[in-house]
Amino acid sequence: MLSRVAMNERSHVELITVYEICRLLGGTLDIERTFRAALNVLAAHLGLPRMMIVMPDPDGDVPLQVHSSVGLSREQEQRGHWNVGEGVIGRVYATGLPVTVPDVSQAPEFIDRTGAFAAPDDAHM
């Protein structure tokens, strides 16, 4: 269990992270650049090795695809396709409700279509 000091430090880092991301989101209409910068802030501040933003495919070839990522190769990004309602990602999109998955290796509903989240030592999100 974290001490009160450690919890306060973590809360401070999280607040700074939210502030930085809000600043980025309000600074430009370039969604590609903004999402990449926001993911980089999360990686730097919270130490997350891999993250992705999944959005509907603008061409309509597949319902949902990786739009932006940090820590994924180009090949892994290209494998990132899900149907609406499929796995955690498709369910979040279908319902509009957020989900927290603290350990993807222990979540049978998490579909690692990219192959980027299979490493057991990096499974905690």
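A residue is called buried under 20% relative accessible area, exposed over 50%, and partly exposed in between. These legends use that scale throughout. The model shown is predicted.

**Figure 1. Arg10 and Glu14 pair in helix 1.** The side chains of Arg10 and Glu14 meet in a salt bridge, at 2.9 Å from N to O. The two residues are four apart in helix 1, which means that about one helical turn separates them. Arg10 has a relative accessibility of 39%, so this residue counts as partly exposed. Glu14 is partly exposed too, with a relative accessible area of 35%. A search of the whole structure finds four salt bridges. Arg10–Glu14 is one of the salt bridges in these views.

**Figure 2. Helix 2 has a buried side.** Helix 2 covers residues 31–46, 16 residues in total. From its first C-alpha to its last, helix 2 reaches 22 Å, close to the 22 Å expected at 1.5 Å a residue. Which residues of helix 2 are buried? They are Thr34, Phe35, Ala38, Leu39 and Val41. These residues lie on the same side of helix 2 because they cover an arc of only 155° around the axis. The face turned away from that buried side carries the exposed residues Arg33 and Ala44. Just after helix 2, Gly47 takes a positive phi of about 70°.

**Figure 3. Helix 2 lies across strand 1 and strand 2.** Helix 2 runs at about 55° to strand 2. What covers the buried residues of helix 2? The cover includes helix 1 (4–27), strand 1 (51–56) and strand 2 (64–70).

**Figure 4. Three strands form an open sheet.** The strand order is 1-2-3, and the pairing is antiparallel. Strand 1 and strand 3 (81–82) stand at the edges. Each edge strand has a single partner strand, so one side of each is left without a neighbour in the sheet. Strand 1 and strand 2 run antiparallel and are joined by six bridges. In this pairing, Met52 stands opposite Ser69 in strand 2.

**Figure 5. Val66 is a buried residue of strand 2.** Is Val66 buried or exposed? Val66 counts as buried, because its relative accessibility is 10% and the cut-off for buried is under 20%. Leaving aside residues up to four places away in sequence, Val66 touches Met52, Ile53, Val54, Glu77, Gly80, Trp82 and Thr114. His12 is 54 residues from Val66 along the chain. The C-alpha atoms of Val66 and His12 are separated by 30 Å.

**Figure 6. Arg74 and Glu77 form a salt bridge in helix 3.** The closest N and O atoms of the pair are 2.7 Å apart. Both residues lie in helix 3 (residues 74–79). They are three residues apart, about one turn of the helix. Arg74 counts as exposed, at 58% relative accessibility. Glu77 counts as buried, at 13%. Glu77 is also among the residues that Val66 touches.

**Figure 7. Glu86 and Arg113 link distant parts of the chain.** Their side chains meet in a salt bridge of 2.9 Å, N to O. Glu86 sits in the loop between strand 3 and helix 4 (87–95). Arg113 belongs to the segment after helix 4. The two residues are 27 apart along the chain. Glu86 is partly exposed, with a relative accessible area of 23%. Arg113 is partly exposed as well, with 31%.

Terms used: Residues numbered from 1 in each chain as written. Predicted model: local features only at pLDDT ≥ 70, side-chain atom pairs only at ≥ 80, totals over all residues. Heavy atoms only, no water. Expected span 1.5 Å × (residues − 1). Buried < 20%, exposed > 50% of the residue type's maximum accessible area, 1.4 Å probe, protein only. Arc of directions from axis to C-beta. Contact = heavy atoms within 4.5 Å. Pairing = 2+ DSSP bridges. Axes fitted to C-alpha atoms, helices over the stretch in contact; angles between N-to-C directions.
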